[in-house]
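Reader: I'm new to protein models and would like to look closely at one part of this one. Please keep it informal and explain the terms as you go.

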Amino acid sequence: MPPPLANHRILSNLNDAQRRAVSSNAATVAILAGPGSGKTHTLTSRVVWLIDHVGYRPEDVIVATFTVKAAREMKERIGKALGDGREKKIVLGNFHSIARRYLAAYGRKIGINQKFGIADDGDSRSLIARICKRKEVTLDPVAVRAWISKKKAKGNEVDAKPVGQKAIKTAGEKDLEECYNEYQAHLKKSNLLDFDDLLVRCVELLREFPSCVSNIQTVLIDEYQDTNGIQYELMKLFAQRHKRITIVGDPDQSIYGWRSAEIQNLWRMLKDFPGTDEISLEQNYRSLDAILKLSLLVIQQDKKRYQKALKPVHGRGSRPVLRRLKSASAEADWIVSEIRRVIMMSGSMLTFNDVAILLRSASLSRHVESALGKSGIAYRMVGGKKFYERLEIKAILDYLRVIYQPGNNDALARIINVPKRGVGDVTIKSLLEEAESSSLSVWTILTKHCRGDRTAKTKIPKPMEQRIAAGLTRPLDNIRRKMEEAAKPGGVAFGLVEIVEQLLAALNFQKHLQDTHPDDHEQRWANVEEFVTLAGDFVRDLNESSADELLPEIEGLEQSKEDEVLPRFLANVSLASDAQTGEGKENKPLVTISTIHAAKGLEWPVVFVPAVYNGSIPHMRSDDNDEERRLLYVAMTRAQSLLYLSCPLFSTNGNGERNQLSSFVEPVHRAFATKGPCFDRPVMLEIAKVLGRTLPTEDAVFKALPSMFNPEDNLFPVDPEESQEVPAGGAEGRTSHRDAPRAKRPRLSNMYGGQNAGEDVQWHRDYTTTMEAASSFTVLALPGFVSAGTHQAAITAANAAAVARQQAEQVKKLANRRPPNQKSILGFVKSTSSSSFDHTLLPSARNSVPAQTSVAPPQVTANPGQQAIPTSLATHKPAKGTLLSRPSRPAPAPDETPKGKAYPCFSSSPVKPDSIKPDPEEENDEPPPEPTRVAACLHSTTFTRPTLLTAGKGAGGLTRPSPVSKFGRTPIAPIDRLRKPFKPLTIKRP
DNA sequence: CTAGCTGCGATTTTT
DNA sequence: TCGCAGCTAG
């Protein structure tokens with residue numbers, strides 16, 4: 001690094017590696033690093049560096065992120081660093097919105113009608129469903145849609161490599177192609193582009209007209225591990241002039257494989273841009289060490305992954321918790337009690353804002369929401385159900401779309417009978433068909449019919465006709481006319497808000513809601529009002545930052561101007577599906593409930609991950625266990641100071657079926673505490689330190705505690721198995737059919753007895769009660785006195801703790817250190833990349849690969865039957881429909897063989913294993929066995945891919961016939977404040 | 001042909 | 001819990 005640069009302002013708060021990354025002179029820079037290492041910070045700093053120091057104009061820089069939220073945050077951060085509003089000129093956004101901008105400006109060059117709309121998920125789904133139905137093809141619309149999307153998302157370059165069976169077109173494939181063609185034709189006719197089209201067409205545009213990006217000096221990509229093929233191409237095309245690209249990413253956090261994210265893009269990039277400067281960041285600034293260790297224990301089960309160092313800069317922290325509860329609602333109640341406890345015990349140093357509950361699927365939120373609601377804790381829900389998915393909002397949006405694009409038959413069909421106008425399914429279908437055959441839009445058919453210009457073939461009785469004219473065509477025409485007039489010079493302003501308000505009035509929407517939803521029409525109308533506010537905000541934001549979204553002028557290139565508000569509003573709504581990080585306005589602290597996917601890139605001091613059982617994580621409908629594991633890893637690494645996993649023992653919906661602890665957690669469950677830590681002073685101080693906050697004095701904390709406050713996590717049995725109350729629904733049945741050894745909890749003396757003998761699949765609970773004891777029998781809790789039973793418990797706890805610790809130690813050795821031969825992530829990738837492109841080849845191709853690896857794996861005596869196969873990261877996401885051999889249960893953690901006997905090393909420390917005080921025990925432990933395995937080099941045979949015959953064909957897609965005339969959901973986006981939960985927010989009770 | 005009622009089923013992740 | 005399919009009356 002050139003010394004003179006070192007004192008640049010932006011470099012001052014970076015560590016060495018980050019500084020090197022920020023100021024690298026290489027054309028292409030790849031920064032790959034684990035969670036919490038400041039990737040995004042580094043990226044934003046580099047943007048500032050490139051603009052401020054290197055001197056690129058902001059408008060010549062493209063920054064692409066993966067989500068809207070990330071884009072917004074990045075913009076904010078860059079704005080702060082630049083300090084003068086120049087960030088507004090940067091072409092910054094998620095891929096889709098950047099692509100949309102280019103298409104809006106230059107799309108006509110490739111024959112795109114400038115007034116194109118965006119077909120969202122619901123649109124394409126219902127369209128495909130209709131096509132399938134009409135073709136009477138026995139294809140699952142869902143599969144068809146996935147196939148089409150995949151086809152587009154892949155990009156073209158990959159296709160160049162024929163996969164052999166590609167030539168053989170099976171009957172199914174032919175049908176798919178036909179559906180695809182029809183689908184595209186329909187979109188084209190409606191002047192719509194779907195999400196994938198935005199990218200595909202933008203690639204087309206930039207390929208044919210490179211001049212559109214001739215000004216671009218440099219391109220930066222965040223969350224690179226989640227880019228898919230087409231996005232990769234787009235990235236290259238953005239940078240085609242100067243080929244300067246910076247990417248940041250973390251393979252371990254690749255969780256969008258299902259959306260065709262291709263981890264291969266890592267080495268595609270290295271191949272395409274030799275001389276890339278690779279930088280890895282190893283310091284973790286986010287989390288306490290205990291959290292990192294455990295997260296590594298989980299991710300490290302993936303034997304093929306690249307091992308990265310994660311060096312904690314913070315203290316050890318208390319042991320993360322794995323809590324078992326009786327049911328999902330008990331789990332939710334426990335979460336609530338624990339949230340309360342943490343906040344109280346921190347003397348309100350922590351607030352609800354510091355807490356996140358991360359879910360595998362949004363549908364899991366129900367219990368949590370109601371528990372929070374019951375206890376009066378306000379929360380926001382991110383991801384999952386969206387504001388715009390509400391019926392009433394969807395309807396308004398569809399009206400707006402029809403106003404903007406009268407030819408949008410699907411939107412029209414959805415609202416033609418909302419409010420009720422006596423138009424039923426049959427009529428709608430007939431109208432759509434007539435539109436199809438007459439190549440008129442439904443709108444045209446209707447207007448002509450009502451005016452008497454042309455009688456519709458569809459039967460439209462007079463009363464129906466009148467209602468349509470009075471309630472639909474005339475009001476919308478009125479609105480359109482006003483918009484046109486307003487656009488003329490001197491016209492009366494008729495903005496977005498006015499449009500919506502006039503629309504609501506014309507439809508008598510409030511009355512409509514009262515009629516159709518007598519129970520909750522107030523709430524729904526409130527949503528509508530909220531929507532109006534949002535529209536107002538949008539307009540205001542648009543005016544404030546008019547430079548936003550505008551591409552720089554390029555000499556000799558004419559842009560189509562996009563000055564209408566409505567289309568931009570609609571596009572915004574379709575593309576921006578994230579809640580705004582709305583801490584700004586209301587100051588009421590909110591607990592965050594989020595899907596794990598939506599939580600990527602974020603962090604919270606306290607994180608709960610409920611429902612950690614097989615079927616949830618890994619999800620039963622997922623075909624990629626490794627990705628599910630990474631998902632859990634992402635969730636865990638969001639936590640800064642406290643991490644809680646939990647698992648309801650019995651599923652709620654079914655007949656009290658037993659849940660099985662997630663197989664990602666099961667092998668390492670011993671490393672967790674079984675209940676929340678004791679928040680004594682040292683623990684809290686450490687938390688305060690990580691967060692950079694000041695802990696109130698002990699006195700203050702104590703005084704603020706309610707009189708009946710329970711300072712321990714002991715409101716719920718640590719072993720729900722032995723609790724008296726039995727979960728509702730067949731107590732007897734269950735006790736009897738439950739496996740015998742579990743019915744009675746093993747005695748303490750039997751602690752490790754059953755360990756080796758036929759470890760039953762279910763969770764071994766023997767040690768837990770004592771582990772639990774370990775965390776509550778703190779010195780504070782039991783000053784100087786220990787009963788015999790307690791003592792016994794403590795001993796066993798110590799033993800368990802020792803085992804866990806040893807395990808952890810081992811893993812640290814194994815996973816938290818990069819093997820010496822693994823120089824960097826990119827080195828790793830390089831060494832295996834030669835094989836990576838062949839990952840789809842048949843087993844025969846495999847054997848040649850290891851020889852090519854430049855970084856030779858240490859010779860490990862492979863188990864017979866264990867076949868060395870390329871450590872291709874690519875295999876992590878098999879093509880849909882590929883027959884994989886059943887993904888194996890994760891192998892037990894290496895050498896995780898609990899000895900059949902207690903450890904002899906019990907000392908005084910185990911009573912407080914979570915203490916941050918240096919734990920002599922840890923150091924004194926006998927040295928862990930040498931690592932016996934270099935993870936990168938070997939793995940079990942479970943990843944053989946027998947054949948590709950069915951790849952990509954939507955094979956087996958015959959299940960789940962999907963309803964046809966369902967009007968698709970229309971995920972349009974919340975623009976703001978979507979975090980409103982379904983249920984009304986409850987206010988904190990006294 | 002539409003609208004309302006009832007009983008059943010089912011539930012990833014996102015641009 | 002919600003949403004959808006199927007049925008029946010008007």
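Reader: Which ring does the charged end of K109 sit over, and how far is it from the ring's centre? After that, please zoom in on R401 and the salt bridges linked with it.

Author: The charged end of K109 sits over the ring of F209, 5.0 Å from the ring's centre. For that label, NZ of Lys or CZ of Arg has to be within 6 Å of the ring centre and within 35 degrees of the ring normal. K151 gives another case: its charged end sits over the ring of Y180, 4.9 Å from the centre.

Some ground rules before R401. You're looking at a predicted model, where local features need pLDDT of at least 70 and side-chain atom pairs count only at pLDDT 80 or more, while totals for chains, interfaces and linings use all residues. Residues are numbered from 1 along each chain as its sequence is written, chains are lettered from A and ligands numbered from 1 in the order in which they are written, and side-chain values use heavy atoms, with hydrogens and water left out.

Here's the wider setting. Chain A has 34 helices and 16 strands; these are DSSP runs numbered from the N terminus, helices being H or I with at least four residues and strands E with at least two. Of the 990 residues in chain A, 58% are buried, where buried means under 20% relative accessible area, exposed means over 50%, and partly exposed is in between (1.4 Å probe, protein chains only).

Now for R401. D120 and R401 meet through their side chains in a salt bridge, 3.5 Å from N to O. This pair ties together distant parts of the chain: D120 is in the loop between β4 (117-119) and α5 (121-135), R401 is in helix α15, and they are 281 residues apart. The label "salt bridge" calls for a side-chain nitrogen of Lys or Arg within 4 Å of a carboxyl oxygen of Asp or Glu. D120 counts as buried because its relative accessibility is 0%. R401 is buried too, with a relative accessible area of 5%.

R401 has a second partner, D123, and here the closest N and O atoms are 2.5 Å apart. Again the link spans distant parts of the chain, from D123 in helix α5 to R401 in helix α15, 278 residues apart. Both ends of that bridge are buried. Step back a little and you'll find a network of salt bridges linking D120, D123, D398, R401 and R414. Across the whole structure, a search finds 50 salt bridges.

For a contrast, try E436 and K189, whose side chains meet in a salt bridge at 3.5 Å, N to O. E436 belongs to helix α17 (residues 425-438) and K189 to helix α8 (residues 171-189), with their positions 247 residues apart. E436 counts as partly exposed because its relative accessibility is 33%, and K189 is exposed at 51%.

Back to the neighbourhood of R401. The largest nonpolar core has 54 residues, and L400 and L472 have the most contacts inside it. Helix α15 (residues 391-404) gives this core its largest share, 9 residues. A nonpolar core here is a set of buried Ala, Val, Leu, Ile, Met, Phe, Trp, Tyr and Cys residues joined through side-chain atoms within 4.5 Å. In soluble globular proteins, nonpolar side chains tend to be buried together. Leaving aside neighbours within four places in sequence, L400 is in contact (heavy atoms within 4.5 Å) with I499, V500, L503, F531, L566, F569 and L570. Another core lies apart from this one, with 49 residues that include V91, I118, M269 and L557.

Helix α15 turns up once more at helix α18 (residues 442-451), whose buried residues are V442, W443, I445, L446, T447 and H449. The cover over them includes α15, along with α16 (409-415), α17 and α19 (462-487). Right after α18 comes G452, with a positive phi near 85°.

One last number suits this story of distant partners. Among contacts in chain A with a separation of 6 or more, 83% are between residues 24 or more positions apart. So when you go back to R401, follow the links from helix α15 to D120 and to D123 in helix α5.
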